[in-house]
Amino acid sequence: MRFDVISLFPDMFAVVRDLGVTGRAHGQGLWNLQAWNPRDFTHDAHRTVDDRPYGGGPGMVMMAAPLAAAVQAARARRAADALEPAPVILLSPTGRRFDQPRAQSLAASAGAVLICGRYEGVDQRFIDRHVDEELSLGDFVMSGGELAAMAIVDATVRLLPGVLNDDESAIQDSFNPALSGLLDSPHYTRPEIYEGEAVPAPLLSGHHANIARWRREQSLRLTAERRPDLIQRAREQGWLTPQDERFLKTLGPGA
Ligand SMILES: C[S@@+](CC[C@H](N)C(=O)[O-])C[C@H]1O[C@@H](n2cnc3c(N)ncnc32)[C@H](O)[C@@H]1O
């Protein structure tokens, strides 16, 4: 799998390439990162990549031509390296919200070309011609697409086979199908008593079925409280057992 990132700040990607889980996986050759700077695809002395917006208004807009040339270079290199064609994804607050199912589908693919916007955004004609998909990290605006691209890379790479060891397994994480798409349950570690508060008794019981049931109920409780939409989805998918439904009833109306 390879991510090609098109960014005016390619050095930012050292964070996912060199550090933590994704850095270790990169070192093991489980994924690859190739950065492309649109400035390297300009033809003027100032290496101009942005200009003022037509119609006036504040800020600058990223020009189509350097971005298009960078995408073309990334695509050509991917083809030369015998990688399957990959979608060109623009990070944008106006895109569809990135989520765990999209991370899973990316993890099952050859990767993507990620375009990081800056300034007020990107010339629409570039988007119309070259972008297959727009993804947002959430309903807030950052200064650039790099952090969003890194979030997507991280969420995807940790799902690749061999990246996480058993202790770090993604299977029990929030939104995972193995957890019926629910939120994760709370976690505890030593000491057994911290500032007078003990670890919940079921976790100390050594009884695997009781521990699993306690965790399931905590997941259900938390999800019903914070993300009722995920309970609804799990129900629609047939992921909730009669025992889950009985527990949800004890939480009161609405759960
Ligand atoms: C300052 S923002 C531009 C915001 C744009 N004018 C708007 O209001 O939608 C600059 C760049 O940061 C990136 N960006 C900002 N917020 C983002 C988010 N929530 N998700 C993904 N990318 C984001 C995009 O690449 C965007 O082109």
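**A tour from strand 1 to the ligand shell**

Begin by selecting strand 1 (residues 2–6): four of its five residues are buried, so this strand is largely enclosed by the rest of the structure. Here a residue is buried if 20 or more other C-beta atoms, placed from the backbone, lie within 10 Å of its own. Strands are DSSP runs of E with at least two residues, and helices are runs of H or I with at least four, both numbered from the N terminus.

The model is predicted: local features need pLDDT of at least 70 and side-chain atom pairs count only at pLDDT 80 or more, while totals for chains, interfaces and linings use all residues. Residues are numbered from 1 along each chain as its sequence is written.

Next, add strand 2 (residues 32–36), which pairs with strand 1 in the parallel sense over five bridges; two strands pair if DSSP finds at least two bridges between them. Within strand 2, Gln34 is the bridge partner of Asp4.

Then select strand 6 (residues 111–116), paired with strand 1 in the parallel sense over five bridges. Gly111 of strand 6 stands opposite Arg2.

Now turn to the ligand. Its surroundings comprise 20 residues, the closest being Leu91, Gly117, Leu137, Gly145 and Ala148; a residue counts as near if its C-beta atom, placed from the backbone, lies within 6 Å. Strand 5 (residues 88–97) contributes the most to this shell, with four residues.

Finally, select residues 1–232, covered by the annotation "domain: tRNA methyltransferase TRMD/TRM10-type" in an unreviewed UniProt entry. Over this range the chain is 37% helix and 16% strand, with the end C-alpha atoms 34 Å apart.

Definitions and conventions. Buried ≥ 20, exposed ≤ 12 C-beta atoms within 10 Å, placed from the backbone. UniProt positions renumbered as here; feature names shortened; annotations may be inferred.
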